[in-house]
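Hi there,

Here is the structure I promised to pass on. Have a look at it first, and then read on for what I found when I went through it.

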Amino acid sequence: MTTAPLDDLAALLAPLHAPFTCKSLKAPNRFCMAPMSRYFAPGGVLTDDGAEYYRRRAAAGIGTIITEGTGVAIDHTVAADTVPLFAGDEPLAGWQAAVDAVHAEGGMFVPQLWHVGGCIDFNYPDAPHAELVSPSGFAGPDVPGGRAMTDRDIADTIAAFAESARAAKAIGCDAIELHGAHGYIFDQFFWDRTNLRSDRYGGPDIADRATFAAEVIAACRAAVGDDFAIIFRVSQWKTYDYDVKLARDPDEMHRWLDPLARAGVDIFHASQRRFWEPEYAGDPKNLGGWIKEVTGKPVITVGSIGMDRDLMQDFVEGISSPMLGRLEDLVAMFERGEFDLVALGRVLLADPNWLEKVEQRRIDELTPYDRATALQQYEHG
C-alpha cells in the first residue's frame, strides 16, 4: 500500500509506472491518453500536426496513446467530414506517420475504431455525411436517427470493422479499441430503448442485444489473429440519458459483457463520468472494478481524473490537497486491483505535459482546461 506523503507526488504515483503487457500491447506504464475527438482531419485524413499532437503526449510520459474516434471502412461510419478515417491509402498513410512518431517516443499506439450509428455529430450537426444507419432507426428514446439496418447493412458493417482492424495491425499499431460507449452504434444495439429489433440482434435480454458487438469482435479477432490485443470501451451513460444503466446489477452486467469477452475482448475500457463514484449501492467499486470482477479481464478506468472544475481551480492556484485526495483514491483503487490502466482525458487535451508537471510539483505551470484551451490544443497540439 502506498504511504507516500502528499507532497511527494512522484512517489504517490509510482505504482502506476509499472509496465503492463496484454498480448501485443506492451505498455511501459499504466497511463493512457483517453480518446477525444478533434475534427482536424480534412477529408478524413490525419495531418502532420495530428501526428505531432499524439507524439507530444507520448514524449511526456504517457505509455499508451488511444486515438480520437476514427471511422471504419464504410461510408456511414461518421457524421462529420473532418473526423479521421481508418481506411484507404491516404488516411492510413497519415496514421502511419502518427504510429511511427509515438513509437519513436517509446509509446504504444491504439486507434479507436468508431461507427456513430444513427447519431448526428453534436459538435457539427450540419456537417456533410452519408446517410446514417442504426439498429431500429433511433439514436435515443423516441429520437429518430438513421434508417433501420438491414441484414446486409449489418454484414457490411461487421466486415468494415474487420477491415480497419486488419489495417491497424498492418501499419504497426499495438492494439485496437472498439468504441462501444456513449450511445453510438454498439450502444444503440445494447440499449432496449434504441434496439427494437425482433431478430437475433434484438430482444428483451441484453445478452441477445450484445450479439452484433460480439460478431464484430469475432470478425476483428479473425482479422488480427490471437496475439493482437482488442480493447472494447463501454459506458452505462448515454448521450441522451446520463442516468441510464444498461446493467442494473452485476448479474445483468455479466450477461451483457460475457459474450463480448468470449468473442475476443482482451481489455475493457470503462467510461465513467467520475471515476470515484461507486457503480452499485452498497459496494465501493466503480464501473471498472465491477467489469473486472464479472469478466476477469483487465480494465482501463477513466472519468474526470484531475479535472473536477472546482478542484482544478484550486489546484492551479496551488491549493492542491483536494486534487491530491482524488489521486490518492485512484492509486488506492489500483492497489486493490480494481483496474489495470488509467486513461487521462481533458487534462492531456489541455496540457500534454500534465503528468510530468504533476509529478514534479510544477503546479503553477499547469494549463487549466476550458473550451478556449481545448480549441487551441486542437489547432496546435
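To begin with one residue: in which helix is the place of Arg221? Arg221 sits in helix H7, which covers residues 211-224. Before going further, please keep in mind that this is a predicted model.

**Arg221 and its partners**

Arg221 has a relative accessible area of 10%, so it counts as buried. Its side chain has two polar partners that I would point out. One is the backbone oxygen of Phe228, which the side chain of Arg221 reaches at 2.6 Å. The other is the side chain of Asp266, with a polar contact of 2.6 Å.

The pairing of Arg221 with Asp266 is also a salt bridge, with 2.6 Å between the closest N and O atoms. This pair ties together distant parts of the chain: Arg221 belongs to helix H7, Asp266 to the loop between H8 and S12, and 45 residues separate them. Asp266 is buried as well, because its relative accessibility is 7% and the cut-off for buried is under 20%.

If you set aside residues up to four places away in sequence, Arg221 touches Lys23, Asp226, Phe228, Ile230, Ala263, Gly264 and Asp266.

**Helix H9**

Next, a helix that you may want to colour in your viewer. Why is H9 largely enclosed by the rest of the structure? Helix H9 runs over residues 287-295, and 7 of its 9 residues are buried, so the rest of the structure largely encloses it. Those buried residues are Leu287, Gly288, Gly289, Trp290, Ile291, Val294 and Thr295. The cover over them includes two strands that you can find at 229-235 (S11) and 267-271 (S12), together with helix H8 (250-263) and strand S13 (299-302).

Both ends of H9 have something to show. At the N-terminal end, Asn286 acts as a cap, with a side-chain oxygen 3.1 Å from the backbone nitrogen of Gly288. After the helix comes Gly296, which has a positive phi, near 75°.

**Lys292, on the same helix**

Lys292 is found in H9 too. Is Lys292 buried or partly exposed? With a relative accessible area of 22%, Lys292 is partly exposed; the buried class would need a value under 20%.

The side chain of Lys292 meets that of Asp340 in a salt bridge, at 3.0 Å from N to O. Here again the pair links distant parts of the chain, with Lys292 in helix H9 and Asp340 in the loop between helix H11 (321-335) and strand S14 (341-344), 48 residues apart. Asp340, at 12% relative accessibility, counts as buried. Returning to the earlier arginine, salt bridges with shared partners join Lys23, Arg221 and Asp266 into one network.

Lys292 has another polar partner in the backbone oxygen of Gly337, which lies 3.2 Å from a polar atom of the lysine side chain. Leaving out its neighbours within four places in sequence, the contacts of Lys292 are Lys297, Val299, Gly337, Glu338, Phe339 and Asp340. As for Val265, it is 27 residues from Lys292 in sequence, and their C-alpha atoms are 12 Å apart in space.

**Another salt bridge, and a surface patch**

The structure holds 24 salt bridges. One of them joins Arg248 and Glu252, whose closest N and O atoms are 2.9 Å apart. Arg248 is exposed, with a relative accessible area of 61%, whereas Glu252 counts as buried at 6% relative accessibility.

Which residues form a nonpolar patch on the surface? They are Ile120, Phe122 and Tyr240, and together they have about 250 Å² of accessible area. Ile120 comes from the loop between strand S5 (108-114) and strand S6 (133-134), and it is partly exposed at a relative accessible area of 38%.

**The chain as a whole**

Finally, some overall numbers for your notes:

- The protein chain has 14 helices and 14 strands.
- Its radius of gyration is 20 Å, which agrees with the value near 21 Å for a compact globule of 381 residues.
- The C-alpha atoms fill a box of roughly 60 × 50 × 40 Å along the principal axes.
- Buried residues account for 59% of the 381.
- Of the contacts between residues at least 6 apart in sequence, 72% join residues at least 24 apart.
- The chain exposes about 14300 Å², with 49% of it supplied by carbon and sulfur atoms.

Happy exploring, and best wishes!

Technical notes. Residues numbered from 1 in each chain as written. Predicted model: local features only at pLDDT ≥ 70, side-chain atom pairs only at ≥ 80, totals over all residues. Heavy atoms only, no water. Buried < 20%, exposed > 50% of the residue type's maximum accessible area, 1.4 Å probe, protein only. Helix = DSSP H or I, 4+ residues; strand = E, 2+ residues; numbered from the N terminus. Contact = heavy atoms within 4.5 Å. Polar contact = N/O pair within 3.5 Å; in protein donor to acceptor, adjacent residues only side chain to side chain. Patch = residues over 30% accessible without salt bridge, like charges linked within 9 Å, V, L, I, M, F, W, Y side chains within 5 Å. Areas by Shrake-Rupley, 256 points an atom, 1.4 Å probe, with all protein chains shown as cover. Salt bridge = Lys/Arg side-chain N within 4 Å of Asp/Glu carboxyl O. Rg over C-alpha atoms; globule rule 2.2 N^0.38 Å.
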